[in-house]
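Please load the model in your viewer, show it as a cartoon, and keep the sequence panel open alongside. The stops below each begin with a selection and then say what is found there.

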Amino acid sequence: MPQTVSQVRGNLGANPKFFPANDAEHRQAYWTANVYTNRRVKGADGNYQDDPRGPEKNTVKFWGRTAETLNRLDLRQGDPVVATGYQGEPEAYISQQDNKPYAHNVLNGVTLCVDSVRVEQRKEREASRDAVATHDEGLQASAGYGADWAGDGFAAGIDNDPYAAAQSGPVR
């Protein structure tokens, strides 16, 4: 009977756990991680917002050589990942907070990789935040010196832009 391959995309909720192979007990290497995915829901005002129930939690499991390879990747909490695999039996548990039964999805993994697109998006967001902070600090510093930047004799303004004369026509 064919099975459907599922995909989970999100962030590692905690550092993954690795259990090495044990030949004496005939046990394969085992690697497991929790992947959290934000859920978005449409609010009463028509805008999308984070689900008040919190993120969706999926447990991803790997065995054998794949588990050993994933352990060498040194993945950590918060790393964005994409995992594919087959749906496993849900892990049921009783919450210690309210004594109610819950379950989370299990994915018997086939592949797992770092989500490089999300890594680059994070870098861009952090760089733009740093640029805004640096720009704001520069504006605050220059406000105390008026038109001259730190008294170096250079009057800031478009009238004395040394590159203005080099331009001949519109920039394309």
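Begin by selecting Leu12, whose bridge partner in strand 3 is Val35. Strand 1 and strand 3 are paired in the antiparallel sense over 2 bridges, where pairing requires that DSSP finds at least two bridges between two strands, and where helices (H or I, at least four residues) and strands (E, at least two) are DSSP runs numbered from the N terminus. Before going further, note that this is a predicted model, in which local features need pLDDT of at least 70 and side-chain atom pairs count only at pLDDT 80 or more, while totals for chains, interfaces and linings use all residues. Residues are numbered from 1 along each chain as its sequence is written, and side-chain values use heavy atoms, with hydrogens and water left out.

**The whole chain**

Now select the protein chain as a whole, which holds 2 helices and 9 strands, in the order β-β-β-β-β-β-α-β-β-β-α from the N terminus on. Of its 172 residues, 21% are buried, a term that means under 20% relative accessible area, with exposed set at over 50% and partly exposed in between (1.4 Å probe, protein chains only). Among the contacts (heavy atoms within 4.5 Å) with a separation of 6 or more, 59% are between residues 24 or more positions apart.

**Strand 3 and its partners**

Select strand 3, residues 30-37, and then add its partners in turn. Strand 2, residues 17-19, runs antiparallel to strand 3 and is joined to it by 3 bridges; here Phe18 stands opposite Trp31. Strand 6 also runs antiparallel to strand 3, and 8 bridges join these two, with Asn34 standing opposite Thr59 of strand 6.

**The nonpolar core**

Which residues have the most contacts inside the largest nonpolar core? Select Leu12, Trp31, Val35, Val60, Phe62 and Leu112, which have that place in a core of 15 residues; a nonpolar core is a set of buried Ala, Val, Leu, Ile, Met, Phe, Trp, Tyr and Cys residues joined through side-chain atoms within 4.5 Å. The elements that give two or more residues to this core are strand 1 (5-12), strand 3 (30-37), strand 6 (56-63), helix 1 (64-72), strand 7 (80-87) and strand 9 (101-114), and the largest share, 3 residues, comes from strand 3. In soluble globular proteins, nonpolar side chains tend to be buried together.

Stay with Phe62 and display its surroundings: leaving aside neighbours within four places in sequence, Phe62 is in contact with Ala29, Tyr30, Trp31, Ala67, Leu70, Gly109, Val110, Thr111 and Leu112.

**Strand 7**

Next select strand 7, which is largely enclosed by the rest of the structure, because 6 of its 8 residues are buried. Strand 7 pairs with strand 1 in the antiparallel sense over 7 bridges, and Val82 in strand 7 is the bridge partner of Arg9. Strand 7 also pairs with strand 9 in the antiparallel sense over 7 bridges, where Gln87 has Leu107 as its bridge partner in strand 9.

**Three loop residues**

Select His26 in the loop between strand 2 and strand 3; His26 has a positive phi of about 55 degrees although it is not a glycine, and this residue is exposed, with a relative accessible area of 75%. Asp74, in the loop between helix 1 and strand 7, has a positive phi of about 55 degrees and is likewise not a glycine, and at 46% relative accessibility Asp74 counts as partly exposed.

Is Asp51, in the loop between strand 5 (48-50) and strand 6, buried or exposed? At 9% relative accessibility, Asp51 counts as buried. Leaving aside neighbours within four places in sequence, Asp51 is in contact with Arg39 and Val41, and the C-alpha atoms of Asp51 and Arg39, which are 12 residues apart along the chain, are separated by 5.4 Å.
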